[in-house]
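Here is a report on packing, cores and cavities in one protein chain. Read it with the coordinates open.

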Amino acid sequence: DRRRRAHILLATAMRIATLVVVVAAAMSVLVASASVKERMEEDWSALTKLLRDNFSKSRPIIVTDGNHGFRNILLNVLCQLEKFDESNVLVIAADEQVGAFLRERGVRYYYDSKRFTGSPDRTNYGQKNYKTLVRQRWLVLLRILEEGYNVLHMDPDMAIQRHFSSDFPHKAECDWEIQSDNRHRVDPPPDESTPSVFPLCAGFFLFKSNERTLKFTRAWVDAMLTEDDMNQPILERLMRSRADLWMHHRDWATKSLDDANDARCRICVLHPI
């Protein structure tokens with residue numbers, strides 16, 4: 001009988017412990033996802049000054065990011081950009097150590113100790129610290145767009161073989177140009193009312209700062225703050241579920257649309273050559 005009571009007590013304790021973990025995780029999500037609107041109303045004055053003092057709105061800011069564990073990869077992409085005489089570059093520094101590393105090399109960077117709370121250690125795709133870095137990155141990218149700057153975002157592990165200005169053939173009419181992971185495959189929609197979605201790579205794309213872009217990007221970042229997943233699958237799910245927010249380039253290239261009244265973000269998918 002004692003053994004049975006001990007077993008019941010142990011099982012109860014384990015259920016309580018599990019409940020505490022679940023509640024703590026839920027609370028952390030609630031805190032993290034206070035709302036995109038509230039996050040954009042925080043104090044961004046340091047970023048505003050950095051942008052105003054160093055960048056022009058006449059051309060996109062090339063933005064990449066990383067923490068101290070990724071410093072060598074960051075240095076590699078920065079050297080490649082320097083080779084192409086690209087000086088309009090901003091690095092989102094995810095910790096104080098990588099900020100010091102960039103400062104010693106004269107690289108413009110943005111770091112906020114209150115906003116960046118992840119580890120400086122190198123981490124792998126999909127791990128908790130990696131997801132934290134991604135969420136923090138996208139809050140900053142969204143804020144740059146909110147400030148009225150166009151953004152060319154690239155992951156630091158890119159290998160730049162030629163200048164990428166020619167890789168955006170529809171930049172005059174697109175709000176987003178984003179790279180596909182696959183030239184030929186298109187993920188089929190589950191039904192006729194759901195748009196088809198190319199397998200996307202959220203590591204290289206061009207944003208225009210306008211209300212169509214902002215509306216779609218806010219929805220994406222909001223989902224990143226509330227879902228325990230990576231930005232890329234979240235983006236693909238958003239595109240499938242919110243056809244009211246976006247359209248493919250081919251859809252307005254072949255149809256007569258009222259530019260003034262159509263508020264959907266115009267997305268062009270770039271295919272590998």
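P233 sits in helix α8, which spans residues 231-241. The model is a predicted one. With a relative accessible area of 25%, P233 is partly exposed, because buried requires a value under 20% and exposed a value over 50%. In sequence, P233 and L200 are 33 residues apart. In space, their C-alpha atoms are 8.6 Å apart.

**Overall make-up**

The protein chain has nine helices and eight strands. It counts 273 residues, of which 44% are buried. Take the contacts between residues at least 6 apart in sequence: 70% of them join residues at least 24 apart.

**Pairs across the sequence**

P233 is one of three residues tabulated here with a partner elsewhere in the chain. Distances run from C-alpha to C-alpha.

| Pair | Separation in sequence | C-alpha distance |
|---|---|---|
| P233 and L200 | 33 residues | 8.6 Å |
| I92 and D112 | 20 residues | 9.5 Å |
| S119 and N67 | 52 residues | 8.0 Å |

S119 belongs to the loop between β3 and α6. Its relative accessibility is 27%, so S119 counts as partly exposed. Leaving out residues up to four places away in sequence, S119 touches N67, D95 and N129. N67 is thus both a contact of S119 and its partner in the table.

I92 is a residue of strand β2. Is I92 buried or exposed? It is buried, at a relative accessible area of 2%. Beyond residues up to four places away in sequence, I92 touches V63, T64, D65, G66, Y110, F116, R137, V140 and L141.

**The largest cavity**

How many cavities of 30 Å³ or more does the structure hold? There are two. The volume of the largest cavity is about 40 Å³. I92 is part of its lining, along with D65, G66, A94, F116, L133 and R137. Among these, D65, G66, F116 and R137 also appear in the contact list of I92. By type, the lining of the largest cavity divides into four nonpolar residues, one polar and two charged. Which elements each supply at least two residues of this lining? They are β1 (61-66) and α6 (128-146).

**Nonpolar cores**

The largest nonpolar core holds 50 residues. W138, I144, W176, F216 and W220 touch the most other members. Helix α6 gives this core its largest share, 10 residues. Apart from it lies another core, of 19 residues. L74, F164, F204 and L206 are among the members of that other core.

What does W138 contact, leaving aside its neighbours within four places in sequence? The list is H153, A202, F205, F207, W220, V221, M224 and N231. W220 is on that list, and W220 is also one of the residues that touch the most other members of the largest core.

H153 lies in strand β4, residues 151-154. It is buried, with a relative accessible area of 0%. Not counting residues up to four places away in sequence, H153 touches V63, D65, R137, W138, L141, A202, G203, F204, F205 and F207. D65 and R137, both in this contact list, also line the largest cavity.

**Two helices with a buried side**

Helix α3 covers residues 45-54, and L47, L50 and L51 in it are buried. Why do they share a side of α3? They span an arc of only 95° around the axis, which puts them on the same side. The buried residues of α3 pack against β1, β2 (89-93), β3 (109-110) and α6.

Helix α5 runs over residues 96-104. Its buried residues are V98, G99, F101 and L102. Looking down the axis of α5, they fall within an arc of 160°, so they line one face of the helix. The face turned away from the buried side carries the exposed residues E96, R103 and E104. The buried residues of α5 pack against β1, α4 (71-83), β2 and β3. Strands β1, β2 and β3 thus figure in the packing of the buried residues of α3 as well as in that of α5.

Methods:
Residues are numbered from 1 along each chain as its sequence is written. This is a predicted model: local features need pLDDT of at least 70, side-chain atom pairs count only at pLDDT 80 or more; totals for chains, interfaces and linings use all residues. Side-chain values use heavy atoms; hydrogens and water are left out. On a 1 Å grid over the protein atoms alone, a cavity is a set of points where a 1.4 Å probe fits but cannot get out, and a pocket is an open set with protein on both sides within 12 Å along at least five of seven lines; lining residues have an atom within 4 Å of a point. Grid points are joined across faces, edges and corners, and a volume is the space filled by probe spheres set on the points. Helices (H or I, at least four residues) and strands (E, at least two) are DSSP runs, numbered from the N terminus. Ala, Val, Leu, Ile, Met, Phe, Trp, Tyr, Cys and Pro count as nonpolar, Asp, Glu, Lys and Arg as charged, and the others, Gly among them, as polar. A nonpolar core is a set of buried Ala, Val, Leu, Ile, Met, Phe, Trp, Tyr and Cys residues joined through side-chain atoms within 4.5 Å. Buried means under 20% relative accessible area, exposed over 50%, partly exposed in between (1.4 Å probe, protein chains only). Contact means heavy atoms within 4.5 Å. The arc is that of the directions from the helix axis to the C-beta atoms.
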